[in-house]
Amino acid sequence: MAKLLIVEDDESVRTLAARALERAGHSIDIAADGAQGLSLIRAAKGGYDLVDIRMPEMDGIEMAVAAAALFPAMKIMLMTGYADQRERAEELNGIILDVVQKPFTLAEIRSRVERALICFA
């Protein structure tokens, strides 16, 4: 079981991903934007895996860079529905483990998280 943070501005996507990953046995914390997500990361002293790219106040890439500066060993996976954001994420090799394209299925998000947790443990 892993402790995951889902930072997603779309409540339905956030809820869907959280439920799918909870059913897979993971402990889930959620945040609605990058600033809230970074606050939770600081409070937990790192240890989260899942971040969204397009959010108000602070986007996922900004949040990933800030979180990695605080906790360099933390694993980060991004979710995005925007091609330009996916290209920006490619510049963050070494910080971002994987980029999941939205929309995704429940099976896909579970599989991608499990693969990231196993491959990068």
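Start by selecting E87 in this predicted model. With a relative accessibility of 53%, E87 counts as exposed, because the cut-off for that label is over 50%. The residue belongs to helix α4, which covers residues 83-90. Now add V99 to the selection and draw a distance between the two C-alpha atoms: E87 and V99 are 12 residues apart along the chain, and the separation is 9.9 Å.

**Step back to the whole chain**

Zoom out and colour by secondary structure. You should find 5 helices and 5 strands. Follow the ribbon from the N terminus and the elements come in the order β-α-β-α-β-α-β-α-β-α.

How does the radius of gyration of the chain agree with that of a compact globule? For 121 residues a compact globule would have a value near 14 Å, and the chain has 13 Å, so the two agree. If you like to frame the view with a box, the C-alpha atoms fill one of roughly 30 × 30 × 25 Å along the principal axes.

Switch on a surface next. The accessible surface comes to about 6,100 Å², and 52% of that belongs to carbon and sulfur atoms. Of the 121 residues, 46% count as buried. Contacts are worth a look too: among those between residues at least 6 apart in sequence, 61% join residues at least 24 apart.

Colour the charged side chains before moving on. There are 14 positive and 19 negative ones, and the centres of the two sets lie 6 Å apart.

**Into strand β1**

Hide the surface and select L5, which lies in strand β1. Is L5 buried or exposed? L5 is buried, and its relative accessible area is 0%. For a distance to go with it, pick H26 as well: L5 and H26 are 21 residues apart along the chain, and their C-alpha atoms are separated by 10 Å.

**A turn to K45**

Next, select K45 and check its backbone angles. Phi is near 55 degrees here, a positive value in a residue that is not glycine. K45 is found in the loop between α2 (34-44) and β3 (50-52). With a relative accessibility of 64%, K45 counts as exposed.

**The loop between β5 and α5**

Now go to P103, whose place is in the loop between β5 (96-101) and α5 (106-119). Which kind of peptide bond joins K102 and P103? The bond is cis, with omega at about -5 degrees.

In that loop, between β5 and α5, you will also find T105. T105 has a relative accessibility of 48% and counts as partly exposed. Draw a line from T105 to A83 and you span 18 Å between C-alpha atoms, for two residues 22 apart along the chain.

**The salt bridges**

How many salt bridges does the structure hold? There are 3 of them.

Keep K102 selected and add E8: their side chains meet in a salt bridge, at 2.7 Å from N to O. E8 lies in the loop between β1 (3-7) and α1 (11-23), while K102 lies in the loop between β5 and α5, so the pair ties together parts that are 94 residues apart in sequence. Both E8 and K102 are buried.

Move along to R112 and D98. Their side chains also meet in a salt bridge, again with 2.7 Å from N to O. R112 is in helix α5 and D98 in strand β5, so this pair ties together parts that are 14 residues apart in sequence. Both residues are buried.

Leave R112 on screen and add E108. These two form a salt bridge as well, and the closest N and O atoms are 3.2 Å apart. What separates E108 and R112 within helix α5? About one helical turn, because the two are 4 residues apart in that helix. Their exposure can be compared on screen: E108, with 28% relative accessibility, counts as partly exposed, whereas R112, with 14%, counts as buried.

For a last view, show D98, E108 and R112 together: salt bridges that share partners join them into one network.

Conventions: Residues numbered from 1 in each chain as written. Predicted model: local features only at pLDDT ≥ 70, side-chain atom pairs only at ≥ 80, totals over all residues. Heavy atoms only, no water. Rg over C-alpha atoms; globule rule 2.2 N^0.38 Å. Buried < 20%, exposed > 50% of the residue type's maximum accessible area, 1.4 Å probe, protein only. Contact = heavy atoms within 4.5 Å. Areas by Shrake-Rupley, 256 points an atom, 1.4 Å probe, with all protein chains shown as cover. Lys, Arg positive; Asp, Glu negative; His and termini not counted. Charge placed at Lys NZ, Arg CZ, Asp CG, Glu CD. Salt bridge = Lys/Arg side-chain N within 4 Å of Asp/Glu carboxyl O.
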